[in-house]
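Thank you all for making time for this; I would like to walk through one structure, taking the ligand and its surroundings before turning to the empty spaces.

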Amino acid sequence: MPGISKLLNPFGAIKQRIIPVYLGVDIGTASIKITEVEQGERLPRLSNYCILEDKSSLLRANTAIQTSSLKLFEDEVVELLSGAIAEMKPKTTEAIASLPVFSSFTAIINFPEMSKDELEKSISFGIKQYIPMPLSEVAIDWMKVGEYKDEKGLPFQQVLLISVPQEQIRKYQRIFEDAGLHLNALEIESLSLVRAAAGTDPTPSFIIDIGSRSTAIVIAEGGNVRFSGQSDFGGSSLTQALSSGLNINPLRAEELKKEKGVDATGPNYELSTIMIPFLDAIINEVKRVEFNYKSQNPSAKKMERAVISGGGANLPGIERYFESRLGIPSVKAAPFLKLEYPPSIEPLVKELNPLLSVSLGLGLREFV
Ligand SMILES: Nc1ncnc2c1ncn2[C@@H]1O[C@H](COP(=O)(O)OP(=O)(O)OP(=O)(O)O)[C@@H](O)[C@H]1O
Ligand SMILES: [Mg+2]
């Protein structure tokens, strides 16, 4: 069965040796982030990056670069992407892009232990019931993500099934082509997030990517996606709450949010009380994802930490707040630990770490 990336480029493995530089392109709801990753001396090396934020989306509450019905905004994305590329002047046009959680459909399916060939056959026979669209209209990919023994001691394997509407893939191909780039591969955001934020660490972890319009929640273990979910609350929910709660302009609310952050006890407590219900909504969704994961996975282990990513991870005080509510250590994503980079950006790394997680996860794809 063809995988998504293979569908797009059957020669990916050969190309990699010829063009060892890739652009990781993360098209979010309020920003486009591009990183250029090449082989460094010991580790992959970040040689260039660009973050293009769409500040106007703060003022136009109902618009976003990326929406679930992206059609209207295709031209705008092409324009922004071309602009970013013109500014960045990258060494390559080979791009790897991510698909947001809402544009794909994933399921974890349990199969008895069997050979890879047999598994492939069983998947093609059995997938119809898991995919909410006609099979002819979707691209399908799958990967083994775990194994366990049932109560009788029989071995089972767990497969992550990913399906993406063909129309969505064609749209990305058009966008990249129009922006002068070659789309080498597409992958779902949760895979890039796990690569960047957890690597192959065996610790059962939540990866919580707080973007502008939504939050992606992934359960990762040993480098695999074990489960995923989403909350419709994100960074802009906090800004909007401050803006209407304090009756101030959204741009001012955005500044205030970044400056003061959340603080459940200190002098900014008043301000925090406006934002906390939205953080709690995200945390409740994290708990719901955990509950669903545990009820569907007999082999589920106890979650041991939370890695917070996305622009929302830069909210001052967020790690402490998540730690107190989830009862497990909570840290900011640190994908730069996996990279070499120019010393000149060292002062920015702390802030860039969570912001560039998805984009760096994509850029790292061919190197790790
Ligand atoms: N220092 C900061 N403190 C608090 N929030 C911040 C900070 N920096 C960025 N943000 C918030 O992060 C959000 C943007 O995050 P990000 O760039 O990850 O979103 P996106 O990828 O464009 O959106 P999505 O992933 O939802 O499509 C905005 O809501 C912004 O206000
Ligand atoms: Mg994002």
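What follows goes from the ligand to the pocket, and then to the cavity.

Please keep in mind throughout that this is a predicted model.

Let me begin with ligand 1, which has 21 residues around it, and of these Thr 29, Ser 31, Lys 33, Glu 254 and Lys 257 come nearest. Two of those residues also make side-chain polar contacts: an N or O atom in the side chain of Glu 254 lies 2.4 Å from an oxygen atom of the ligand, while for the side chain of Lys 257 the corresponding distance to a ligand oxygen is 2.6 Å. The backbone takes part as well, since a polar backbone atom of Gly 311 is found 2.8 Å from an oxygen atom of ligand 1. As for how much of the ligand is covered, ligand 1 taken alone exposes 650 Å², and the protein buries 90% of that.

Which elements, then, give two or more residues to the shell around ligand 1? They are strand E2, spanning 31–39, helix H8, spanning 235–245, and helix H9, spanning 250–260, and H9 gives the most, with three residues. In composition, this shell divides into four nonpolar, twelve polar and five charged residues.

Now to the setting of the ligand, which sits in the largest pocket. That pocket has a volume of about 1000 Å³, and it is lined by 46 residues, with Gly 211, Ser 212, Gly 311, Gly 312 and Leu 355 lying nearest its centre. You will recognise Gly 311 here as the residue whose backbone is in polar contact with ligand 1. Strands E1 (21–27), E2, E3 (44–53) and E9 (205–210) each give two or more residues to the lining, as do helices H3 (56–59), H8, H9 and H12 (349–355). Whereas H9 gives the most to the shell around the ligand, it is H8 that gives the most to the pocket lining, with five residues. The lining as a whole divides into 17 nonpolar, 17 polar and twelve charged residues.

Finally, how many cavities of 30 Å³ or more does the structure hold? There is one, and the largest cavity has a volume of about 40 Å³. Its lining consists of Val 101, Ser 104, Thr 106, Ile 188, Glu 189, Ser 190 and Ser 228, which divide into two nonpolar, four polar and one charged.

Key: Residues numbered from 1 in each chain as written. Chains lettered and ligands numbered in written order. Predicted model: local features only at pLDDT ≥ 70, side-chain atom pairs only at ≥ 80, totals over all residues. Heavy atoms only, no water. Near = heavy atom within 4 Å. Polar contact = N/O pair within 3.5 Å; in protein donor to acceptor, adjacent residues only side chain to side chain. Areas by Shrake-Rupley, 256 points an atom, 1.4 Å probe, with all protein chains shown as cover. 1 Å grid on protein atoms, 1.4 Å probe; cavity = no way out; pocket = protein on both sides within 12 Å on 5 of 7 lines; lining within 4 Å. Sits in = over half its atoms within 2 Å of the grid points. Helix = DSSP H or I, 4+ residues; strand = E, 2+ residues; numbered from the N terminus. Nonpolar A, V, L, I, M, F, W, Y, C, P; charged D, E, K, R; others polar. Points joined across faces, edges and corners; volume = space filled by probe spheres on them.
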